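Me: Could you walk me through this chain with a few questions and answers? I have the viewer open.

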Amino acid sequence: MEKQYHTGYISGVFDVFHLGNLKLIEKCKAACEKLIIGVFDDEYAKTISDEEIIYPEDMRLKLIKGLEAVDDAFLVKGTEEPVGYEIDKYFDLDLMGRGGTTEPLLRNKMTSKPRPQKTVITVGVFDFFHYGHLILFENAKKYGDYLVVAVQDGDFILKTKPNADIFYTTQERINMVSAFKVVDEVVVYRDVDTSLPKEDFDIFAIGGDQTHDGFKRAVKWCNENGREVVGLSRTPRICSSDIKRRLSNYLN
């Protein structure tokens, strides 16, 4: 189906990345063949933001570049024009609204398919998605050819931890994770030690904070069944409490 525009352009701070950002970006992408994004540099972002900027410009740019819907992204100072592109549609995020859908990406990455060697799997809640999650995915992918990300089921989380503070539904968190180029497939899991043996994979990549008993049992199963386990360190300069507070402000 032919799109309305060839090359579209939007710009913004994109500090704490949330589902609203993703829907807006994918709504723009649905209207044009190529989508270019300008990410405001630190100097300009500080002049227009009501709150302190959490992520420096390099992190914000890398996260936006990692999205499937984005063809190119670069740092800009305010209303600076994009260089090297003939833009035929400048999108105004304020006028686009919060509609849109991430279903096309979701269909592609939730479809069951044969997994090539080497398949790496990593798991998590991935509720308030941040730069550290993207780095986790990229580091995990380095160990193989195909990355499967397992997103924990929200109903199961609330069943085992009734007071858990979960921002997004399972479906919404799947949409967020599916939106990144580095992710090849997304599945849903309940408890890591009972769900992991049901998956076809070669390497289990775990984060530095994934140390509870369920993960210990999952690692034991991997060791006993010829699956490799690799540990990935936390990303520095990431403050989850700041991200959670900012998301709470946005959602409320």
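What follows is a short exchange about one helix and the chain around it.

Reply: Happy to! This is a predicted model, where local features need pLDDT of at least 70, side-chain atom pairs count only at pLDDT 80 or more, and totals for chains, interfaces and linings use all residues. Residues are numbered from 1 along each chain as its sequence is written, and side-chain values use heavy atoms, with hydrogens and water left out.

Me: How far apart are the end C-alpha atoms of helix H10?

Reply: Helices are DSSP runs of H or I with at least four residues, and strands are runs of E with at least two, numbered from the N terminus. The expected span is 1.5 Å times one less than the number of residues, so the 12 residues of H10 (213-224) should cover 16 Å. The end C-alpha atoms agree with that, at 17 Å.

Me: Within what arc do the buried residues of H10 fall?

Reply: Buried means under 20% relative accessible area, exposed over 50%, and partly exposed in between, with a 1.4 Å probe and protein chains only. In H10 the buried residues are Gly214, Phe215, Ala218, Trp221 and Cys222. They line one face of the helix because, by directions from the helix axis to the C-beta atoms, they fall within an arc of 120°.

Me: Which elements do the buried residues of H10 pack against?

Reply: Contact means heavy atoms within 4.5 Å. Lys216, Asn223 and Glu224 are exposed on the other side of H10. The buried residues pack against strand E5 (119-124), helix H9 (192-195), strand E8 (203-207) and strand E9 (228-232).
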